[in-house]
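Subject: A structure for you to look at

Hello,

Here is the structure I promised to pass on to you. Have it open while you read, and I will walk you through what turned up.

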Amino acid sequence: MHVVIDTNVLVSSLWSKDGSPAKLMSMVLDGILIPCYDYRILTEYREVLMRPKFGFSKAEVDSLLDWIESYGKSVVSVPLNVNFIDEDDKKFYEVAKYCNAKLITGNLKHFPKDDDIISVNEFWDKIQ
């Protein structure tokens with residue numbers, strides 16, 4: 001299954017190793033879920049994960065992002081004519097639509113109503 005992981009889910013997965021986002025990322029790292037991304041998403045991941053307030057090491061961030069680049073699906077998505085509350089979130093939607101992937105986010109309200117945009121908990125409900 002192809003997925004697009006919103007940055008807030010990625011941060012949560014590193015912050016709490018026992019939470020649902022971490023379990024989701026374990027499925028990604030085990031190759032069960034294939035992360036889709038583009039250069040804009042990787043840039044945001046790196047920028048956010050390296051913020052001092054999170055305290056993640058450069059090695060930890062590099063390792064995770066190198067893995068995503070090596071085993072994920074890199075795409076150049078098609079721009080979509082959809083208005084967003086926060087235009088920075090649009091890239092995740094565009095990549096998800098391009099890849100026919102589930103977009104997994106902690107901020108559902110930032111995205112249009114769409115059955116393929118789900119929270120981590122909704123993801124678990126759908127696969128169980």
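Let's begin with D62, a buried residue whose relative accessible area is 18%. Please keep in mind that this is a predicted model. What does D62 bond to? One partner is R46, and the closest N and O atoms of this salt bridge are 2.6 Å apart. The two residues come from distant parts of the chain, with R46 in helix α3 (residues 39-49) and D62 in helix α4, 16 residues apart. R46 itself is partly exposed, at a relative accessible area of 31%.

D62 also forms a salt bridge with K58, where the closest N and O atoms are 2.7 Å apart. Here both residues sit in helix α4, and because they are four residues apart, about one helical turn separates them. It helps to remember that an α-helix has 3.6 residues a turn, so residues three or four places apart point the same way. K58 counts as exposed, with 53% relative accessibility.

Another salt bridge to find is the one between E60 and K17, with 3.2 Å between the closest N and O atoms. E60 belongs to helix α4 (residues 58-71), while K17 is in the loop between α1 (7-15) and α2 (20-29), so this pair ties together parts that lie 43 residues apart in sequence. On the accessibility side, E60 is partly exposed at 28%, and K17 is exposed at 53%.

How many salt bridges does the structure hold? The count is nine. Some of them share partners, and in this way D38, R40 and E94 are joined into one network.

Now for the cysteines, which make a nice little puzzle. How many disulfides are there? The count comes to zero. Take a look at C36 and C99 to see why: the sulfur of C36 has its closest cysteine sulfur in C99, 3.3 Å away, which is too far for a bond. The cut-off that matters here is 2.5 Å between the two sulfur atoms. Seen from the other side, the closest cysteine sulfur to that of C99 is in C36. Both cysteines are buried: C36 has 1% relative accessibility, and C99 has a relative accessible area of 7%.

Next, please turn to helix α2. Which of its residues are buried? They are P21, A22, L24, M25, M27 and V28. Several elements help to cover these buried residues, including the strands β1 (2-5), β2 (34-37) and β4 (102-104). The helices α1, α4 and α6 (120-127) are also part of that cover. After α2 comes G31, and its phi is positive, near 85°.

Finally, the strands. β1 runs parallel to β2, and two bridges join them. If you want to spot one of the pairs on screen, find V3, whose bridge partner in β2 is P35. β1 also pairs with β4, again in the parallel sense, over three bridges. On that side, V4 stands opposite L103 in β4.

If you would like a place to begin exploring, go back to D62 and follow its salt bridges to R46 and to K58. After that, try C36 and C99, and check for yourself the 3.3 Å between their sulfurs.

Happy exploring, and write back with any questions!

Best wishes

Methods
Residues numbered from 1 in each chain as written. Predicted model: local features only at pLDDT ≥ 70, side-chain atom pairs only at ≥ 80, totals over all residues. Heavy atoms only, no water. Salt bridge = Lys/Arg side-chain N within 4 Å of Asp/Glu carboxyl O. Buried < 20%, exposed > 50% of the residue type's maximum accessible area, 1.4 Å probe, protein only. Contact = heavy atoms within 4.5 Å. Pairing = 2+ DSSP bridges.
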